[in-house]
Amino acid sequence: MKCPKCGIEIPEGKFYCEKCGGAVQIVPDYNPAEDIPIGEDAKQEEEAQKTAPEEPDGPRRNRRRWLRGGAAAAALVLCGLLAYRLSYRSTFGEDAVTGAAEELESEEAKLLEAPAFSLPSGTYGAAIDLTISHDQRTEGLIYYTTDGTTPDENSRMYNRPIRLEEGTTVLRAVFISSDGQQSEEGYATYQVVLAYPKEPVFSVEAGNYTEGFYVSISADADSTVYYTTNGEEPSRYSRVYGGPIYINPGLTVLQAVAIDGDGMESGIMEAIYYVEETVEEVTEETGGTEPADPSAADPAAVGQ
């Protein structure tokens with residue numbers, strides 16, 4: 001086989017000319033099944049190669065080096081551009097998406113916060129007024145229960161402070177927005193233990209007596225004692241105790257209650273006294289009568 005450029009015989013098995021360096025093109029036998037049409041660009045390039053003048057060996061090799069170096073530089077530039085684009089997208093695009101997602105989650109979490117109670121769980125010594133609040137109060141409604149059941153849109157709607165009286169109360173509440181989203185549940189347990197005044201104490205025990213006597217009543221210093229002697233239950237409208245009470249002959253039902261400054265009432269103390277009746281003696285001088293106990297006739301000694 002001869003070199004198509006310089007005509008030198010090329011040994012068998014060689015694929016280039018040792019003199020001019022030209023490549024030998026080996027054309028296989030024609031096979032219709034493997035026929036691949038050549039595009040217009042390929043044909044033009046083939047024609048240009050056939051008509052191009054031969055170049056010296058040195059410049060041709062230099063041009064190949066330049067072409068190879070240019071291709072490598074182009075590949076490096078392309079890789080750099082790709083890396084920069086990926087880095088920019090990672091730094092700004094993903095961060096922006098992440099920030100938006102976090103902001104959305106934050107808004108949703110804020111909306112789903114549980115309602116807040118004005119007082120923490122615990123034990124209290126007087127009745128309390130409790131309020132319930134939520135950050136998005138104007139965007140929905142608060143529902144609550146006081147019997148420990150789960151609150152929902154069918155529960156009692158909160159619109160004013162809740163009064164908790166004596167006893168244990170389990171308060172549960174939820175916030176439901178206008179678009180139907182329900183918050184987490186607020187939960188608290190309150191125990192109101194009221195401090196009542198002690199019951200009044202009588203100086204004389206109930207029982208039967210042969211003559212009249214005085215009874216004193218004592219109670220806490222910050223309490224006022226109210227009493228009755230006719231069997232009716234005493235209240236803040238009964239007589240106020242101010243000193244010893246004289247028990248007259250006959251049957252007397254003495255009852256008393258202590259009420260402190262906060263209006264808390266003690267239990268009612270009761271004692272039943274029976275004093276035997278005495279026969280009045282007639283005096284010879286005046287023909288009048290006098291009680292067996294002279295002190296009973298002294299108005300200052302009678303407490304009622």
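**First stop: a charged pair**

Select Asp129 and Arg163: these two form a salt bridge, and their closest N and O atoms are 3.2 Å apart. Keep in mind as you look around that this is a predicted model. The pair ties together distant parts of the chain, since Asp129 sits in strand 3 (residues 128-130) and Arg163 in strand 7 (residues 162-164), 34 residues apart. Why might such side chains pair up? Side chains of opposite charge can pair when their charged atoms come close.

Now turn on the surface. Is Asp129 buried, partly exposed or exposed? With a relative accessibility of 46%, Asp129 counts as partly exposed. Arg163 is also partly exposed, at 48%.

Leave Arg163 selected and add Glu165. Here is another salt bridge, between Arg163 and Glu165, with the closest N and O atoms 3.4 Å apart. Glu165 has a relative accessible area of 44%, so Glu165 is partly exposed as well.

**Second stop: Arg236 and Glu265**

Move on to Arg236 and Glu265. They form a salt bridge too, with the closest N and O atoms at 3.8 Å. Which parts of the chain does this pair link? Arg236 lies in the loop between strand 14 and strand 15, while Glu265 lies in the loop between strand 17 and strand 18, 29 residues apart. Arg236 has 37% relative accessibility and is therefore partly exposed; Glu265, at 37%, is partly exposed as well. Before you leave the charged residues, select Asp129, Arg163 and Glu165 together: salt bridges with shared partners join them into one network. How many salt bridges does the structure hold? It holds 4 salt bridges.

**Third stop: strand 9 and its partners**

Switch to a cartoon view and colour residues 186-192, which make up strand 9. Show the side chains and rotate slowly. In a regular strand the side chains alternate between the two faces of the sheet. In strand 9, Gly186, Ala188, Tyr190 and Val192 make up the covered face. Tyr187, Thr189 and Gln191 make up the uncovered one.

Next, look for the partners of this strand. Strand 8 (residues 167-177) pairs with strand 9 in the antiparallel sense over 7 bridges. Strand 2 (residues 122-124) also pairs with strand 9, but in the parallel sense and over 3 bridges. Select Tyr190 to see a residue that takes part in both pairings: Gly122 has Tyr190 as its bridge partner, and Thr169 stands opposite Tyr190.

**Fourth stop: an open sheet**

Now find an open sheet of 5 strands, in the order 11-18-17-14-15, with mixed pairing. Strand 11 (207-209) and strand 15 (239-240) are at the edges; each has a single partner strand, so one side of each is left without a neighbour in the sheet.

Walk inwards and select residues 250-260 (strand 17) and 269-275 (strand 18), which pair in the antiparallel sense over 7 bridges. A good spot to zoom in is Gly250, which stands opposite Val275 of strand 18.

Strand 14 (residues 223-228) comes next. How many of its 6 residues are buried? The number is 5, so strand 14 is mostly covered. Strand 14 is joined to strand 17 by 6 bridges, and the two run antiparallel; in this pairing, Thr224 stands opposite Ile259. Strand 14 is also joined to strand 15, by 2 bridges and again antiparallel. To see that second pairing, select Tyr227 and its bridge partner Arg239.

**Fifth stop: a buried tyrosine**

Stay with the sheet and pick Tyr273, which is found in strand 18. Tyr273 has 0% relative accessibility and so counts as buried. Add Leu251: the C-alpha atoms of Tyr273 and Leu251 are 5.8 Å apart, although 22 residues separate them along the chain. Then add Val204, whose backbone oxygen lies 2.5 Å from a polar atom of the Tyr273 side chain.

**Last stop: the whole chain**

Zoom out to take in the protein chain. It contains 2 helices and 20 strands. Of its 304 residues, 24% are buried. The chain exposes about 21,400 Å², with carbon and sulfur atoms supplying 52% of that area. Among contacts with a separation of 6 or more, 55% are between residues 24 or more positions apart.

How values were computed: Residues numbered from 1 in each chain as written. Predicted model: local features only at pLDDT ≥ 70, side-chain atom pairs only at ≥ 80, totals over all residues. Heavy atoms only, no water. Buried < 20%, exposed > 50% of the residue type's maximum accessible area, 1.4 Å probe, protein only. Helix = DSSP H or I, 4+ residues; strand = E, 2+ residues; numbered from the N terminus. Pairing = 2+ DSSP bridges. Salt bridge = Lys/Arg side-chain N within 4 Å of Asp/Glu carboxyl O. Polar contact = N/O pair within 3.5 Å; in protein donor to acceptor, adjacent residues only side chain to side chain. Contact = heavy atoms within 4.5 Å. Areas by Shrake-Rupley, 256 points an atom, 1.4 Å probe, with all protein chains shown as cover.
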